[in-house]
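Trainee: Could you show me how to read cavities, sheets and helix packing in a model?

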Amino acid sequence: MTTSPNIWDRYRQYLCVCDSIGLSLDISRMDFEEGWLEQMQQPMQLAFDAMARLEAGERANPDEKDDDGVPGRMVGHYWLRDAKRAPTKKLAKAITDAQDATLELATQIKNGQIKPQKADRFTDVLVIGIGGSTLGPQFVADALGDPATDKMTMHFFDNTDPDGMSRVLRQIGDRLASTLSVVISKSGGTPETRNGMKVAEATYKQAGLKFAKHAVAVTGMGSNLDKAAETEGWIARLPMWDWVGGRTSVTSAVGLLPAALQGVNVKALLRGAAACDRVTRKHDILLNPAALMALMWYHATDNG
C-alpha cells in the first residue's frame, strides 16, 4: 500500500467514477509508480481491439467447430444484453425471440396457465446443472431475491454430491408436486447434469409424478437433451447457442428463466448489464473500471 504524502492527489487523479451505473473505483492505494498506467495504455489498447473484433463476430478457438461445422466459434454473450450489437440480423432475431419465449413461459407458469400434474400451480423451482449453468442463476437468486417477496422458491442441484442432492430434495419435501425442474446443459450431454436429472426424475416417479409434466430444458437445439425433451413432451425447450459459454450465460435463458420465475425484473437486469458493457468498453483506461481492475490484479501479482 502506498504511503505517499500526496495520497489525496493520487485519489483525485485515479478515482474512476461511473455515474451511469452508480459505481466508483479507487485504485490510489495500489503501489504502482507514476507513469505506469501510461505505459500500460498500449498493451491495453491491443486488448480493447481484440475484444472489439470478438464482439463484431470474429471467430476464436480455431481448433473447434461451431454448430454448422465452420472452424472456430464466435464469442457473443455480449449480444445477449443488447441484440442490436449482434453481427447479423439472424442472430439478433434469435436472441430477442429466445428472450420473448423465456419471459412468456415464466409469465404463464407464474400465472398458473401452465400447471403441474397434480397441483394447482408451481410454487418451487429446481435448477439442475453444473458450473456456470447453475452458478450464475444461483448468484442472481441470492443477490436479487428476497424470500419474503419471491414469486417462487429457488433450489439448485449444482454438483454431483448425493448428500447435497438429498438435502435439496428434503428441503422441497411435500412441495415436489408443485416444483418445476429446469435442466440446463448447452451440449445436452453433460454427465453431471444428467446424473442430477436422473435423481430428480426418480424422485418424481417415486411420488407418482411424471417428470416431463414438471420439466423445462435449456439446451442446444438438436442436442440429446433437446431430443429427449421433445420426445417425452416436456413443458418447454429453450435455446442455448455454441457462441455462449456456460460461465457467461447468465443473461441467456440459462439465467433469465430462473430469475423471471423468482420475480426478478429481467428487463431491468438486461438494461443494467448493457449499461455495464458500455462503461467497460471505453478505451481510456482511467474511465474503464474493468480495465483498471485487470491492471491492478496484473500489478499486484508481480507481473508489472
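## Cavity, sheet and helix pair

Mentor: Start with the lining of the largest cavity, to which helix 3 (89–110) and helix 8 (253–262) each supply at least two residues. Keep in mind that this is a predicted model.

Trainee: How is empty space found, and how many cavities of 30 Å³ or more are there?

Mentor: Rolling a probe the size of a water molecule over the atoms shows where empty space is left. Here the count is one cavity of 30 Å³ or more. The largest cavity holds about 40 Å³ of space.

Trainee: Which residues line the largest cavity?

Mentor: Leu 80, Ile 95, Ala 98, Gln 99, Thr 102, Trp 241, Thr 251, Ser 252, Ala 253 and Leu 256 line it. Helix 3 gives the most, with four residues. By class, the lining has six nonpolar residues, four polar and no charged.

Trainee: Now the sheet. In what order do the strands run?

Mentor: The order is 6-5-7-8-9, five strands in an open sheet with parallel pairing. Strand 6 (153–157) and strand 9 (236–240) are the edges, each pairing on one side only. On average, neighbouring strands are turned by 20 degrees against each other, direction ignored.

Trainee: How many bridges join strand 7 and strand 8?

Mentor: Five bridges, in the parallel sense, join strand 7 (residues 179–185) to strand 8 (residues 215–220). Take Ile 184: its bridge partner in strand 8 is Val 218.

Trainee: Which strands does helix 3 touch?

Mentor: Helix 3 packs on the sheet against strand 7, strand 8 and strand 9. Its direction makes about 150 degrees with that of strand 9. Helix 5 (residues 162–172) also packs on the sheet, touching strand 5 (124–128), strand 6 and strand 7. The direction of helix 5 makes about 160 degrees with that of strand 6.

Trainee: Last, the helix pair. At what angle do helix 8 and helix 9 pack?

Mentor: Two packed helices are described by the angle between their axes and the distance between the axes. For helix 8 and helix 9 (residues 266–279), the angle is about 135 degrees and the axes are 9 Å apart. Helix 8 is therefore oblique to helix 9.

Trainee: Which residues make the contact?

Mentor: Helix 8 brings Leu 256, Ala 259 and Ala 260. Helix 9 brings Val 266, Leu 269 and Leu 270. The contact of helix 8 with helix 9 has six nonpolar residues, no polar and no charged. Leu 256 also appears in the lining of the largest cavity.

How values were computed:
Residues numbered from 1 in each chain as written. Predicted model: local features only at pLDDT ≥ 70, side-chain atom pairs only at ≥ 80, totals over all residues. Heavy atoms only, no water. 1 Å grid on protein atoms, 1.4 Å probe; cavity = no way out; pocket = protein on both sides within 12 Å on 5 of 7 lines; lining within 4 Å. Points joined across faces, edges and corners; volume = space filled by probe spheres on them. Nonpolar A, V, L, I, M, F, W, Y, C, P; charged D, E, K, R; others polar. Pairing = 2+ DSSP bridges. Axes fitted to C-alpha atoms, helices over the stretch in contact; angles between N-to-C directions. Contact = heavy atoms within 4.5 Å. Parallel < 35°, antiparallel > 145°, perpendicular 65-115°, else oblique.
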